[in-house]
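Reader: I'd like a close look at one part of this model: the place where the two chains meet, and in particular the charged side chains there. Could you walk me through it and then set it against the packing and pairing elsewhere in the chains?

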2 protein chains.
Amino acid sequence: MTDLGPNKELVGIPGSRDALATPALILDLNAFDRNLDALTMFCGQAGLRMRPHAKSHKCSEIAKRQIAAGAVGVCCATLKEAEVMIGAGVPGVLVTSPIVGARRVNSIASLAKTGERVMLVTDNPINHLELAETARREGMVLDLLVDLDVGMHRTGTASPQAAVALAQQIADHPHTRFRGIQAYSGRVQHIESYDERQNIYNRQMNILRDALAQLSRAGLKPDIVTGGGTGTHDIDRDLGLFTELQTGSYALMDVEYNLVTLRKDAPSPFETSLFMQCSIVSNNAAGMVTLNGGFKCFATDGPLPKIQDKTFPGAAYDWFGDEHGKMSLALGTNETPALGSPVTLVTPHCDPTVNLHDHLHCVRGNKLTAIWRIDARGVL
Amino acid sequence: MTDLGPNKELVGIPGSRDALATPALILDLNAFDRNLDALTMFCGQAGLRMRPHAKSHKCSEIAKRQIAAGAVGVCCATLKEAEVMIGAGVPGVLVTSPIVGARRVNSIASLAKTGERVMLVTDNPINHLELAETARREGMVLDLLVDLDVGMHRTGTASPQAAVALAQQIADHPHTRFRGIQAYSGRVQHIESYDERQNIYNRQMNILRDALAQLSRAGLKPDIVTGGGTGTHDIDRDLGLFTELQTGSYALMDVEYNLVTLRKDAPSPFETSLFMQCSIVSNNAAGMVTLNGGFKCFATDGPLPKIQDKTFPGAAYDWFGDEHGKMSLALGTNETPALGSPVTLVTPHCDPTVNLHDHLHCVRGNKLTAIWRIDARGVL
């Protein structure tokens with residue numbers, strides 16, 4: 001599984017970015033490095049630990065750089081992500097979605113037996129017993145966090161009372177250890193207005209505040225209070241409830257997050273580091289050309305990809321089917337762009353876009369400097 | 001690359017379908033076989049050859065079964081699809097999107113040198129010269145079809161005149177051979193009303209009729225006239241312009257195509273054979289549960305996934321983020337479904353959904369009988 005795709009001979013060659021066989025997912029390493037530094041500085045000043053979410057990048061090379069930048073570990077959404085990260089030597093893995101069902105729960109045993117500790121969340125006493133029974137059978141102790149629903153009803157215990165009861169059940173079982181609490185609010189992250197986001201989020205976080213007070217009264221003070229995202233990190237700091245943040249998109253950014261006012265005093269602390277490079281593959285119609293990237297190249301759950309290319313000022317992207325995109329040229333553009341010309345786009349929603357691709361083409365300026373495999377790609 | 005995922009031990013075990021680690025893409029082989037038979041019978045009676053489009057399934061095992069069912073070859077949208085199909089021994093590969101740019105065109109030489117003939121389309125005299133120069137350098141003759149734009153302006157020559165000129169340029173060059181013409185109309189395929197689809201399509205196909213007449217007058221009668229899809233196959237037969245059909249979705253079907261009246265006298269000749277199996281991973285909220293499949297599991301460019309499960313009558317799916325789906329239970333459902341329960345869904349748009357996954361879990365009834373790799377997955 002060391003296949004690096006059709007561009008591997010271009011690594012290290014000056015000007016190679018423009019010569020890439022496309023569609024090619026691009027990581028601008030200078031912008032990426034600055035994003036990592038910006039979060040490290042922010043969390044350092046706030047006294048928050050970083051456990052960035054690997055579901056955004058699904059790439060162990062990125063995870064290693066996040067650890068090098070001071071993260072205590074990474075979050076994973078799936079067991080495959082956890083397996084890949086642990087296999088690549090990434091420490092501090094927390095699986096943030098409940099793992100349910102006999103075949104899934106059994107795979108956790110093999111993960112935990114790699115020696116590297118893995119932490120899981122659970123939101124249900126039946127699921128806890130399933131996990132604990134596996135741990136008992138394997139002769140090990142599983143580190144568990146209670147997932148708390150703060151209003152989205154996606155996962156999590158339905159109330160602070162249920163969270164405390166589940167924490168007690170975990171603490172009481174000889175094969176599970178209660179490590180902490182998770183409270184994540186997904187949809188709020190993308191609300192563009194800071195004030196509106198803060199208002200909704202603060203109300204949700206009262207549920208977490210209540211749960212923490214009840215846990216404390218029950219003698220179950222959590223080591224770890226984890227949650228937050230790129231959209232709420234500034235608010236998370238002011239709340240003072242979390243011990244660590246699960247920010248993911250900050251490292252890459254996308255059209256969606258570029259619309260969000262991220263901080264009160266520094267609205268855009270992170271830069272776009274992730275891009276898609278497509279090529280013009282047909283140019284026979286007036287006022288437009290066809291790019292080789294469509295529904296299979298970009299996530300379609302959010303806004304449109306955005307053309308970000310000095311060569312084509314005023315050009316706009318629209319969907320053109322599974323494999324193609326339409327690039328409308330700015331009014332008054334008389335010259336037809338040449339076949340094969342590269343076109344750079346900002347991706348609409350980074351997480352599901354990255355998941356469509358097998359490789360990240362790392363560039364500094366116009367040079368391809370490395371190709372990283374998106375080794376945790378997929379839904380498993 | 002023989003990894004078959006976490007379910008490989010379940011192959012051949014009775015009842016194993018319900019035990020699959022999920023999300024798992026399912027191929028119901030009985031329905032799939034009937035779909036292949038239905039198209040074979042249709043094309044046999046119509047005197048049309050079949051060159052099904054592999055962009056729908058991206059799976060060489062499916063392509064082999066399409067060949068066994070009488071197809072003369074398969075269509076491919078990308079070079080990787082073509083490489084994988086040829087590598088697996090699938091004959092008659094036609095790449096239906098123009099291949100543009102030095103690195104891409106150079107890869108064609110290695111494809112053509114595998115011995116198995118590959119056919120390409122082109123829509124541009126400059127692109128033809130790029131292809132021809134590669135063929136000359138490699139000492140070979142490339143088989144080319146002219147791609148004709150019939151109104152979508154995605155790819156294709158802008159007029160029948162331009163198509164004839166390009167065909168002549170191909171025929172005149174010692175290293176390229178003119179094999180035929182491609183006319184594909186993408187968006188029309190999904191128009192639900194038969195009559196509306198037929199009206200729009202017939203007007204578009206007048207452009208093809210004109211091009212064929214002009215080619216004939218120029219002494220450039222094409223061997224191959226290729227196009228058509230699952231949505232137009234019945235109309236394509238009546239038109240009498242094509243020598244072969246590029247139908248792809250007929251083998252799998254999806255929510256989108258299930259809404260289309262496909263034939264005048266047999267509106268639904270094909271069955272859904274492709275399904276997604278998810279599991280219930282959280283059940284703490286009233287009236288709903290959470291499934292482990294979201295934007296990374298289903299294509300989001302079309303309609304919603306549809307829950308198709310006798311166990312949950314009246315239940316409906318909605319998006320719940322990257323990794324999760326919300327299953328609302330029918331009004332009056334009092335029992336909370338158990339954690340881990342499998343849920344079967346029809347996929348919204350099959351092509352980009354298949355592209356999200358690495359494996360097809362082939363079932364007959366409730367038994368997993370094989371796992372096929374989606375070996376041409378990706379955008380390259």
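Author: What follows starts at the contact between the chains, moves on to the salt bridges, and then turns to the rings, the sheet and one helix.

Keep in mind throughout that this is a predicted model. On the interface itself, 62 residues of chain A touch 62 residues of chain B. The size of an interface is often given as the accessible area lost when the parts come together. Here the area buried between chain A and chain B comes to about 5,100 Å², with carbon and sulfur atoms giving 54% of it. On the chain A side, the residues that lose the most area to chain B are A:Arg103, A:Arg154 and A:Lys296, and together they make up 14% of what that side buries.

Now for the charges. Side chains of opposite charge can pair when their charged atoms come close. Between chain A and chain B the count is four salt bridges. One of them joins B:Asp358 to A:Arg377, with the closest N and O atoms 2.6 Å apart.

So what else does A:Arg377 pair with inside chain A? The side chain of A:Arg377 also meets that of A:Asp358 in a salt bridge, at 3.5 Å from N to O. This pair links distant parts of the chain: A:Asp358 is in the loop between helix 10 (350–354) and strand 16 (359–364) of chain A, while A:Arg377 is in the segment after strand 17 of chain A, 19 residues apart. Are the two partners buried or exposed? A:Arg377 counts as buried because its relative accessibility is 3%, under the 20% cut-off. A:Asp358 has a relative accessible area of 27%, so this residue is partly exposed.

Over all chains the count comes to 34 salt bridges, and a couple of them sit within a single helix. In helix 5 (residues 125–138) of chain A, A:Arg136 and A:Glu133 lie three residues apart, about one turn of the helix. Their closest N and O atoms are 2.7 Å apart. Both ends are partly exposed: A:Arg136 has a relative accessible area of 43%, and A:Glu133 is at 34% relative accessibility.

Helix 2 (residues 60–68) of chain B has a pair with that spacing too: B:Lys64 and B:Glu61 are three residues apart, about one turn of the helix. Their side chains meet in a salt bridge at 3.8 Å, N to O. B:Lys64, at 35% relative accessibility, counts as partly exposed, and B:Glu61 does as well, at 25%.

Salt bridges can also link up into a group. In chain A, a network of them ties together A:Arg117, A:Asp143, A:Arg177, A:Arg179 and A:Asp223.

On to the rings. A pair of aromatic rings is described by the distance of the centres and the angle of the planes. There are 12 aromatic pairs over all chains. One of them is A:Phe32 with A:Trp372, an edge-to-face pair at 6.4 Å centre to centre and 70 degrees between the planes. That pair links distant parts of the chain, 340 residues apart: A:Phe32 is in helix 1 (residues 29–46) of chain A and A:Trp372 in strand 17 (residues 367–373) of chain A. A:Phe32 and A:Trp372 are both buried.

Elsewhere in chain A, ring pairs link A:Phe295, A:Phe298, A:Tyr317 and A:Trp319 into a cluster. Charges meet rings as well: the charged end of A:Lys326 sits over the ring of A:Phe320, 5.6 Å from its centre. In chain B, the charged end of B:Lys326 sits over the ring of B:Phe320, again 5.6 Å from its centre.

Next, the sheet. Chain A has an open sheet of eight strands in the order 2-9-8-7-6-5-4-3, with parallel pairing. Strand 2 (49–50) and strand 3 (74–76) are its edges, each pairing on one side only. Within the sheet, four bridges join strand 7 (residues 176–183) of chain A to strand 8 (residues 224–227) of chain A. A:Ile181 has A:Val225 in strand 8 as its bridge partner.

Finally, helix 4 (residues 102–112) of chain B has buried residues B:Arg104, B:Val105, B:Ser107, B:Ile108, B:Ala109 and B:Leu111. Those buried residues pack against helix 3 (79–87), strand 5 (118–122), helix 5 (125–138) and strand 6 (142–148) of chain B.

How values were computed: Residues are numbered from 1 along each chain as its sequence is written. Chains are lettered from A and ligands numbered from 1 in the order in which they are written. This is a predicted model: local features need pLDDT of at least 70, side-chain atom pairs count only at pLDDT 80 or more; totals for chains, interfaces and linings use all residues. Side-chain values use heavy atoms; hydrogens and water are left out. Buried means under 20% relative accessible area, exposed over 50%, partly exposed in between (1.4 Å probe, protein chains only). Helices (H or I, at least four residues) and strands (E, at least two) are DSSP runs, numbered from the N terminus. Contact means heavy atoms within 4.5 Å. Two strands pair if DSSP finds at least two bridges between them. Rings of Phe, Tyr and Trp (its six-membered ring) pair if their centres lie within 6.5 Å; planes under 30 degrees apart count as stacked, over 60 as edge-to-face and the rest as tilted. A charge sits over a ring if NZ of Lys or CZ of Arg is within 6 Å of the ring centre and within 35 degrees of the ring normal. Buried area is the accessible area (1.4 Å probe) that two parts lose on being put together, summed over both.
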